[in-house]
Amino acid sequence: MKYPDARHYLGGQFVAGGPRFLDVHNPADGQVISRVPLGNAATVAAAVTAASAALPGWAGTPVKERVQVFFRYKTLLERHIGELAGLITEEHGKVKGEAEAEILKAIELTEFACSLPQLIAGEVLEVSRGVECRLERYPLGIVAAINPFNFPSMVPHWTIPNAIALGNCFIMKPSELVPLSAARIAELLKEAGLPDGVFNVVHGDREVVEALCDHPGVSAVTFVGSTKVAQAVYRRATGNLKRALCLGGAKNHVIVMPDADPEMASGGVLAAMAGCTGQRCMAASVMVAVSATDHIVTRLAEQARTLVAGRDVGPVITPMAKARIEGFITEAERQGARVLVDGRGATVPGKEGGWYVGPTVLDQVRPEMALAQEEVFGPVLAIVRTPGLTEALAVENASPYGNACSIFTESGGAARAAMEGASAGMVGVNVGVPVPREPFGFGGWNDSRFGVGDITGKSSIEFWTRTKKITTKWNREAGTNWMSK
Ligand code: NAD
């Protein structure tokens, strides 16, 4: 095997796991490259013990000192970008440019954490003669973050730098499908000077997730993954009186108006549907083509045919995912959709064991079809036709999800209608993947997010801290009134 067994990381030490293990595959060729141990409640308890030992020292360190770790960590991410991206490509399959983009985003997220001292300075006001009220922020304690497979490094960085810079001790639960990047994150944080026990990694599946939700020593839980599990984790964590923020799945609509710039629209929609092989919660999944847009559909299909599996588009994560995605396409075709570009059965010479689905475009998809309603999580675009923007927004609004919605148009009025009318937390105008850049927070609406606030940006400050309101009076001679006796 190319890599030794993944290990838990507790109190600054790598610890072998077992007895249960899962194989880790490279989806590009199907080869087994490592094994991941599946922890349990005892592993979670050991992580909490390690984090508890580190907490007083770390929480008591001034924030300006804490962020020095992240200034150094950012430099380490920059120095190791090639190696870190290579590891992502091996465990996840995504192509080099996409893997590097993950690390660039991790760097940007770390940069935001470095600016936290500038953002969290408290508030103070003389509320009566000689009486001051001040607001101070304190960490929550020990917190946990549960991660999905589709971004082995970027999604963990949504939470690691901010939660830790704000004084919390942290337990990361990587996806068992992509467990390898976590060890390098741990090593680089240690090299950057993070004290042992502040950052811990527990590998595992449902058992570890439930133990994190149940352990009384864990104060807050974040989750990113599918909606069904997001709901279960939100219920369990909040049922145990923890703070929770759980991001779920998505079904993102891109509305294309007839006046849209054809190149910008076709290129933008294609990148949004095929980028990361469609395995992102911001992927464009349904294109709502409004009225006379045949020329844009034709151009999009032409461009989609030029994308090569294995070069431009990576594999999907498992053979089950490939079968599921191809099943959606076949079912829609049987129900009357027209397959314009067919990625079923894609293979890559020399990598016949890989799990590839090529970019696929289907026209004449009806809104009630499963392809138009369910999260496919593959490089598949369902084109739904509507006569006007009102009907297009009605299609978008009918989805229970609410991560992202974009519109391609040259009309300010149409753009404004989409900005206001979309039932989604992130909206794009002539931008296919409207991921907010820092300091704007990332987070959807409806069944794409459970809990209050966004997971990144300024919103994360509220999530990872609690405020203390302090009233002081030092001057005995000060005048008194009903508020200051
Ligand atoms: P998933 O829900 O299968 O797994 C996510 C995490 O939950 C993993 O760590 C896994 O070990 C754990 N898990 C799985 N089943 C569980 C169960 N029954 N009980 C408790 N824990 C369980 O998601 P995935 O397949 O890894 O990731 C893809 C999904 O994540 C897609 O739906 C995608 O849209 C979503 N996602 C959402 C966002 C967002 O910001 N909204 C971002 C990235 C991914």
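Mentor: Let's start with a cut-off: a residue counts as exposed when its relative accessible area is over 50%, as buried when it is under 20%, and as partly exposed in between. Keep in mind that this is a predicted model.

Trainee: Why is Leu-241 called exposed?

Mentor: Its relative accessibility is 79%. The cut-off for exposed is over 50%, so Leu-241 counts as exposed. You'll find Leu-241 in the loop between helix H9 (227–239) and strand E11 (243–247).

Trainee: And what makes Gln-364 partly exposed?

Mentor: Gln-364 has a relative accessible area of 39%. Partly exposed covers what lies between 20% and 50%, so that label fits Gln-364. Gln-364 sits in the loop between strand E15 (360–363) and helix H13 (370–373).

Trainee: What is phi in Leu-241, and what is it in Gln-364?

Mentor: Leu-241 has a phi of about 65°, a positive value although the residue is not a glycine. For Gln-364, phi is near 60°, again positive in a residue other than glycine.

Trainee: Which peptide bond leading into Pro-19 is cis, and what is its omega?

Mentor: That's the bond from Gly-18 to Pro-19, with omega near 5°. Pro-19 is in the loop between strand E2 (13–15) and strand E3 (21–26). The bond from Glu-438 to Pro-439 is cis as well, with omega near 10°. Look for Pro-439 in the loop between strand E18 (426–429) and strand E19 (449–450).

Trainee: On to the sheet. In what order do its 7 strands run?

Mentor: E14-E15-E16-E13-E12-E17-E18, as an open sheet with mixed pairing. Neighbouring strands are turned by 20° against each other on average, direction ignored.

Trainee: What makes E14 and E18 the edge strands?

Mentor: Each of them pairs on one side only.

Trainee: How do you know that E12 and E17 pair?

Mentor: Count the bridges. Two strands pair if there are at least two bridges between them. Strand E12 (residues 252–256) and strand E17 (residues 404–408) have 4, in the parallel sense, so they count as a pair. To see one of the bridges, take His-253, whose partner in E17 is Cys-405.

Trainee: Which strands does helix H14 touch?

Mentor: Helix H14 (residues 389–397) packs on the sheet and touches E12, strand E13 (284–290), E16 and E17. The direction of H14 makes about 175° with that of E12. Helix H12 (residues 319–334) lies across E14, E15 and strand E16 (380–386), running at about 25° to E15.

Trainee: How many cavities of 30 Å³ or more are there?

Mentor: There are 5. The largest holds about 100 Å³ of space. Of its 16 lining residues, Gly-278, Arg-280, Ala-283, Ser-285 and Phe-377 are the closest to the centre. By class, that lining has 9 nonpolar, 4 polar and 3 charged residues.

Trainee: What makes a residue such as Tyr-73 part of the lining of the second largest cavity?

Mentor: A lining residue has an atom within 4 Å of a cavity point. Tyr-73 is on the list for the second largest cavity, so that condition is met. This cavity has a volume of about 60 Å³. Helix H2 (63–79), helix H3 (81–92) and helix H7 (181–191) each supply at least two residues of its lining, and the largest share, 4 residues, comes from H7. The lining divides into 7 nonpolar, 3 polar and 1 charged.

Conventions:
Residues are numbered from 1 along each chain as its sequence is written. This is a predicted model: local features need pLDDT of at least 70, side-chain atom pairs count only at pLDDT 80 or more; totals for chains, interfaces and linings use all residues. Side-chain values use heavy atoms; hydrogens and water are left out. On a 1 Å grid over the protein atoms alone, a cavity is a set of points where a 1.4 Å probe fits but cannot get out, and a pocket is an open set with protein on both sides within 12 Å along at least five of seven lines; lining residues have an atom within 4 Å of a point. Grid points are joined across faces, edges and corners, and a volume is the space filled by probe spheres set on the points. Ala, Val, Leu, Ile, Met, Phe, Trp, Tyr, Cys and Pro count as nonpolar, Asp, Glu, Lys and Arg as charged, and the others, Gly among them, as polar. Buried means under 20% relative accessible area, exposed over 50%, partly exposed in between (1.4 Å probe, protein chains only). Axes are lines fitted to C-alpha atoms, for helices over the stretch in contact, and angles run from 0 to 180 degrees between N-to-C directions. Contact means heavy atoms within 4.5 Å.
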